[in-house]
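Visitor: I should like to request a close look at a single part of this structure. Please treat it in one connected account.

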Amino acid sequence: MRCFLFIALWFIAGCGVFAQSEQLARNFFDQGEYEKALKVYEKLYQQNPANPIFFNGLISSHQQLENFEVAESLLMERINRSANNPSILIELGHNFELQEQSEKAKQFYEEALQSIEGRPNYAYAIARGFEQYNLLDYAASAYERAMEMNGDRNFNLQLARIYGEQGKIEEMFSNYLDLIEDDMKFYGLANREFNRYITEDPQAEANVILRKLLLKKLQENPILLYNEMLSWLFIQQKDFSKAFAQERAIFKRGDNNLQGILNLAVLAREAKDFDSAREIISYAIEESPSPVFNLQARHFLISIKLDNANPEDYPEIENEFRTLLVENPQIDGTLNLKIDYANFLAFQLDKKEEAIELLKNTAETAKSDFETARLKMALADILVVQEKFNEALIYYSQIQNLVKNDVMAQDARFKVAKTSYYKGDFQWAKTQLDILKSSTSQLIANDAMELSLLISDNSLEDSTQAALRKYAKADLLSFQKRNPEAIQALDSILVNHKGEKIEDEALLSQAKLFEEEKNFEKAEYNYLAIIDSFGDDILADNAHYFLAELYANELQDPEKAKGFYEQIIFNFADSIYFVEARKKYRLLRGDTIE
């Protein structure tokens, strides 16, 4: 037993010494101290000549020192001792490649490839050897030859990756499609790779190639997978009508699940393709036998109408809300409908008391603390609109107790801070905001940090906080949907507090309000004013990004949009808009997105 323990301890100690020495050799090599690396690798190789790591390190050290003949001699000795391992042929070829003897290198590479026919089990090792030296054509040939010889071998994954690196997009897509047709576990991987090449432009080369491949595959093998992938492709291109055609096919041939169609309608709405969203959801309503689904879908239709509604549309929308509630008094799922209707009454129709009564009546039949909390949140928001701040604060506090561990509790705390800010109680508001800076919700944390900074920056120079009070009032007017009055209040700040810290904040808030009012030229003017006068301040990246979005989406000037996205990439690397700006800049430039 003691003998065994002694041997075991000796073996472990020996392994540790080898590992330390090998790490030392690698460090020398990485630092370009090849002679020192060579000495360590020589000792290691003498002690354990069978270890491939030590052997490869020895060969690489000789090659870096241009001891090519020594490296060749060692490789020849190795190939004779290892039953002609064909992978060594690649190493020999590489040794000649380093000497710029391309013809000799090619001979060894071709010999390694040829050896696959007699020794197919070495195909993977040979291909990996070629990949190690970026010999992608040879690596692809190795995999392809092995698959031709034995149909059971599947190197589609390796080939797809190589084809991508070679820029052979069609071959890459085709291999990934073969992979996922055989085994759906590769779907996620393939989808990530497709995302690197597919853009919003339907005429982009990669988009055209993938579309043709999928249509061909669908004709040859009409499985739902290819309908799903075509739908995904059309969604990337923002072509929701074509995606809808695929989702209809999936619905009819699948398990009659309308979830995919509903998801598509949501995506179309988010992309502001309201016509497609209406068409898609109307189809879902016709096809669904479920009263709950129909309620949700019709509610969704009303929401789409609200997205683009003018005051003259409000009576019709109000009637649709009422009809839906009357027709579905007992159906589960009316909570969201009632909250949206209450918000519509309060914010669009100025029927605040009616909205409050609806929410209070609904709260009496709430089935959980979560439902109660949601109703109280909507109720408190309306009380803030009415400037009944103390009553609203009570409800927000109750929500924090009802759903302590939910993000809704953090949202309620943020609204406590915002309400205190509206009241002019800036110190208490900042105390709450500083707690929320570490919120698990990144959105709440960011909003809390921005409002906290606003209060701090505009309290230092002005102890009366006069400008901040005016700004908070304008902010409240905006929340109350009284945009013209909010714009006028911000104008007063820009005139009477010019040169103060609040000026850039006022310009930015006013610009966003101008956008809501479709006054895009005035919004453009404000953003440019921030960039010109406050180009080094904290809101400069916001102004660049919002102006780029304005040019891209409303003013239809992609060249100007590209310029401002580019400014964020080069001058605001730490901006929260950096990733989106880079993506949109590259799309406008026509790049392949990786």
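Visitor: Which helix gives the largest share of the lining of the second largest pocket?

Guide: The model under discussion is a predicted one. In this model, helix 25 supplies the largest share of the lining of the second largest pocket, namely nine residues. Helix 25 spans residues 442-460. The pocket itself has a volume of about 1500 Å³, and 44 residues line it. Of these lining residues, D447, E450, L451, L508 and N542 are the closest to the centre of the pocket. Other elements also give two or more residues to the lining: helix 21 (369-385), helix 23 (407-423), helix 26 (466-479), helix 28 (502-516) and helix 30 (540-553). By class, the lining of this pocket comprises 23 nonpolar, 15 charged and six polar residues.

A pair of packed helices may be considered next. Helix 18 (residues 314-327) packs with helix 19 (residues 334-348) at an angle of about 155°, and their axes are 11 Å apart. Because an angle over 145 degrees counts as roughly antiparallel, helix 18 is roughly antiparallel to helix 19. The crossing of these two helices is left-handed. On the side of helix 18, the contact is formed by Y314, I317, E318, F321, R322, L324 and L325; on the side of helix 19, it is formed by L337, K338, D340, Y341, F344, L345 and Q348. Sorted by class, the residues in this contact are nine nonpolar, four charged and one polar.

Key:
Residues are numbered from 1 along each chain as its sequence is written. This is a predicted model: local features need pLDDT of at least 70, side-chain atom pairs count only at pLDDT 80 or more; totals for chains, interfaces and linings use all residues. Side-chain values use heavy atoms; hydrogens and water are left out. On a 1 Å grid over the protein atoms alone, a cavity is a set of points where a 1.4 Å probe fits but cannot get out, and a pocket is an open set with protein on both sides within 12 Å along at least five of seven lines; lining residues have an atom within 4 Å of a point. Grid points are joined across faces, edges and corners, and a volume is the space filled by probe spheres set on the points. Helices (H or I, at least four residues) and strands (E, at least two) are DSSP runs, numbered from the N terminus. Ala, Val, Leu, Ile, Met, Phe, Trp, Tyr, Cys and Pro count as nonpolar, Asp, Glu, Lys and Arg as charged, and the others, Gly among them, as polar. Axes are lines fitted to C-alpha atoms, for helices over the stretch in contact, and angles run from 0 to 180 degrees between N-to-C directions. Angles under 35 degrees count as roughly parallel, over 145 as roughly antiparallel, 65 to 115 as roughly perpendicular and the rest as oblique. A crossing is left-handed if the near helix is turned anticlockwise from the far one by less than a right angle, and right-handed if clockwise. Contact means heavy atoms within 4.5 Å.
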